[in-house]
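The following exercises concern the structure shown below. Please work through each task before reading its solution.

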Amino acid sequence: MTREKPCLYLIIPCFNEEEVLPKTCDLFLGKINELIKAGEIAQNSKILFVNDGSTDSTWEIIKALAARDPHFAGIAQSRNRGHQAAVLAGLMEAKDKCDITISIDCDGQQDINAVDTMIAKYKEGAEVVYGVRNSRGNEGFFKKATGETFYRVLGHLGADFIPNHADYRLVSNRVLRELANYGEVNLFLRGLFPLVGFKSEIVRYDQFDRVAGHSHYTLTKMLTLAWDGITSLSVRPLHFITILGMVVAILSFIAVVVTIVEYMLGMTVQGWASTTSIIAFIGGVQIV
């Protein structure tokens, strides 16, 4: 692996981006050509689009771009698997073909010029470089508030993560090979990379408005991602459930004792005490 002129793959997940892709493809190609001309990256560097089961003409556009310029390439998932799975698919496709990858969204919101600084950090020895937003741009109040709340909750749960980092990052193939050993199903890549380890740096960038179209990240998708992040990165929910199970088991045991006492005092109808005791005992044991 060379740090002087690494082979770079830009990983760009795409889902129904027929309005955006024709406008941003030249932005990505221009940056690749600029870096090649400056001697910062290798000539065989590429822009790898990952079609995440789009139902519009996104895949046709990707194939046309690949036929137009050798720096464009694309892979297609069999169905829509979500943003995180699309990013991971691109990373795993590229890990044995390049020295570094940079994942970036297709919509032009993330400042492409931050790529220059990321590569400079890599050449200084960093294996992972996180892109961190200076602000959340013109996002609505609800999205900003829920995003900030999510990061606060993760922090309280003890998760290791980078606040305001949104999957815009440089990763070396050395890190990707280690990431491939993880068997995590509920993907939250923003939390997995800190777990993998290796030297990391942060690059700050400005977030812009989408160049066209609208965001496909619905409220349901955002909540699912948040849930995956919380359950994947922290053991505290397990601790909470265990404590709750113990409390319920203790209360169940007390209920058994009370039921037996009431039976001995003749305060229950026939059959009620034995049925209640069995249900309470089994319920408590099951929860623990």
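**Exercise 1: Confidence**

Among the elements of this predicted protein model, helix 5 (residues 141-156) has the lowest mean pLDDT, 59, while strand 2 has the highest, 96.

Task: State the mean pLDDT of the protein and decide how low values should be treated.

Solution. The mean over the protein is 81, and 77% of its residues reach 70 or more. Where pLDDT is low, the predicted coordinates should not be read in detail. The lowest element mean belongs to helix 5.

**Exercise 2: The sheet**

Task: Determine the strand order of the open sheet and explain which strands stand at the edges.

Solution. Step one: the seven strands follow the order 3-2-1-4-6-5-7, and their pairing is mixed. Step two: strand 3 (72-76) and strand 7 (200-205) each have a single partner strand, so they stand at the edges and one side of each lacks a neighbour in the sheet. Step three: on average, neighbouring strands are turned by 20° against each other, direction ignored.

**Exercise 3: From strand 2 to strand 3**

Task: Describe how strand 2 and strand 3 pair and how the chain connects them.

Solution. Step one: strand 2 (residues 46-51) pairs with strand 3 in the parallel sense, over five bridges. Step two: F49 has G74 in strand 3 as its bridge partner. Step three: the chain passes from strand 2 through helix 2 to strand 3, forming a right-handed β-α-β crossover. Step four: helix 2 (residues 58-68) lies across strand 1 (8-14), strand 2 and strand 3, and runs at about 145° to strand 3.

Notes
Residues numbered from 1 in each chain as written. Predicted model: local features only at pLDDT ≥ 70, side-chain atom pairs only at ≥ 80, totals over all residues. Heavy atoms only, no water. Pairing = 2+ DSSP bridges. Helix = DSSP H or I, 4+ residues; strand = E, 2+ residues; numbered from the N terminus. Axes fitted to C-alpha atoms, helices over the stretch in contact; angles between N-to-C directions. Contact = heavy atoms within 4.5 Å. pLDDT = per-residue confidence, 0-100. Right-handed = clockwise from strand over helix to strand, strands pointing away.
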